[in-house]
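Hi everyone, thanks for having me. Please take a look at the sequence and the structure on the screen, and then we'll walk through them together.

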Amino acid sequence: QVQLVESGGGLVQPGGSLRLSCAASGFTFSSYDMSWYRQAPGKERELVAAILVTGGHTNYKEGRFTISRDNAKNTVYLQMNSLKPEDTAVYYCKASRRVPSVTYWGKGTLVTVSS
């Protein structure tokens with residue numbers, strides 16, 4: 001079965017760092033674009049970072065977050081530095097491709113930034 005399993009979330013103090021992992025199985029990981037989204041209570045889903053099958057990537061949080069992937073391990077990572085309380089959210093891993101159109105979502109991992 002297809003699975004995307006996020007891990008690495010937890011409680012961290014402002015200014016701290018976390019690295020999230022998303023382990024994929026049940027599909028050809030190297031053929032999918034990968035991305036991280038987050039959703040805070042009462043807010044809409046927000047794109048955090050994306051990395052393509054080519055390795056090209058975009059990070060949307062002022063250089064504080066960096067996405068990477070290891071195709072040999074079927075894993076995508078999100079390195080988060082200089083964390084702020086506003087970063088508190090459930091972080092979701094997404095796998096997607098256009099042809100044929102397929103999207104998979106993980107269940108999410110909670111990140112709480114608080115003193």
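**A walk along the strands**

Let's start with one residue and its company. Setting aside neighbours up to four places away in sequence, Thr75 has contacts with Ser21, Cys22, Ala23, Phe29, Ser68, Arg69 and Asp70. Before I go on, please keep in mind that what you see is a predicted model.

So where does Thr75 sit? Thr75 belongs to strand 8, which covers residues 75-80. Is Thr75 buried or exposed? Its relative accessible area is 9%, and the cut-off for buried is under 20%, so Thr75 counts as buried. There is also a polar partner to look for: a polar atom of the Thr75 side chain lies 2.8 Å from the backbone oxygen of Lys73.

Now step back into the loop between strand 7 and strand 8, where you will find Asn74. Asn74 is not a glycine, and yet its phi is positive, about 50°. Its relative accessibility is 26%, which makes Asn74 partly exposed. Asn71 is in the loop between strand 7 (65-70) and strand 8 too. Asn71 is partly exposed, with 33% relative accessibility. Which residues does Asn71 touch, if we skip those up to four places away in sequence? They are Phe29 and Ser30. You may remember Phe29, as it also appears among the contacts of Thr75. For a sense of distance, the C-alpha atoms of Asn71 and Ser31 are 9.5 Å apart, while 40 residues separate the two in sequence.

On the other side of strand 8, look for Ser82, in the loop between strand 8 and strand 9. Ser82 is another non-glycine residue with a positive phi of about 50°. With a relative accessible area of 41%, Ser82 is partly exposed.

Next stop, strand 9, residues 89-97, which holds Lys94. You might want to guess here: is Lys94 buried or exposed? Lys94 is buried, at 14% relative accessible area. Its side chain makes a polar contact of 3.0 Å with the side chain of Tyr37. Beyond its neighbours within four places in sequence, Lys94 is in contact with several residues, among them Leu4, Asp33, Met34, Thr103 and Trp105. Gly10 is 84 residues away from Lys94 along the chain, and their C-alpha atoms are 20 Å apart.

A little further on comes a detail that is fun to find on screen. The peptide bond joining Val99 and Pro100 is cis, with omega at about -10°. Pro100 lies in the loop between strand 9 and strand 10 (102-105).

Let's zoom out to the whole chain. How many helices and strands are there? The chain has 0 helices and 11 strands. Why do we say that its size agrees with a compact globule? Because a compact globule of 115 residues would have a radius of gyration near 13 Å, and this chain has 14 Å. Along the principal axes, the C-alpha atoms fill a box of roughly 45 × 25 × 25 Å.

Of the 115 residues, 39% count as buried. Take the contacts between residues at least 6 apart in sequence: 53% of them join residues at least 24 apart. The chain exposes about 6,300 Å², and 47% of that comes from carbon and sulfur atoms. Finally, there are 13 positive and 8 negative charges, and their mean positions lie 5 Å apart.

That's my tour, thank you for listening!

Definitions and conventions. Residues are numbered from 1 along each chain as its sequence is written. This is a predicted model: local features need pLDDT of at least 70, side-chain atom pairs count only at pLDDT 80 or more; totals for chains, interfaces and linings use all residues. Side-chain values use heavy atoms; hydrogens and water are left out. Helices (H or I, at least four residues) and strands (E, at least two) are DSSP runs, numbered from the N terminus. Buried means under 20% relative accessible area, exposed over 50%, partly exposed in between (1.4 Å probe, protein chains only). A polar contact is a pair of N or O atoms within 3.5 Å; within protein, one must be able to donate a hydrogen and the other to accept it, and residues adjacent in sequence count only if both atoms are side-chain atoms. Contact means heavy atoms within 4.5 Å. The radius of gyration is taken over C-alpha atoms; the globule rule is 2.2 Å times the number of residues to the power 0.38. Accessible areas come from the Shrake-Rupley method with a 1.4 Å probe; for residues, only the protein chains shown count as cover. Lys and Arg count as positive and Asp and Glu as negative; His and the chain ends are not counted. The place of a charge is taken as NZ of Lys, CZ of Arg, CG of Asp or CD of Glu.
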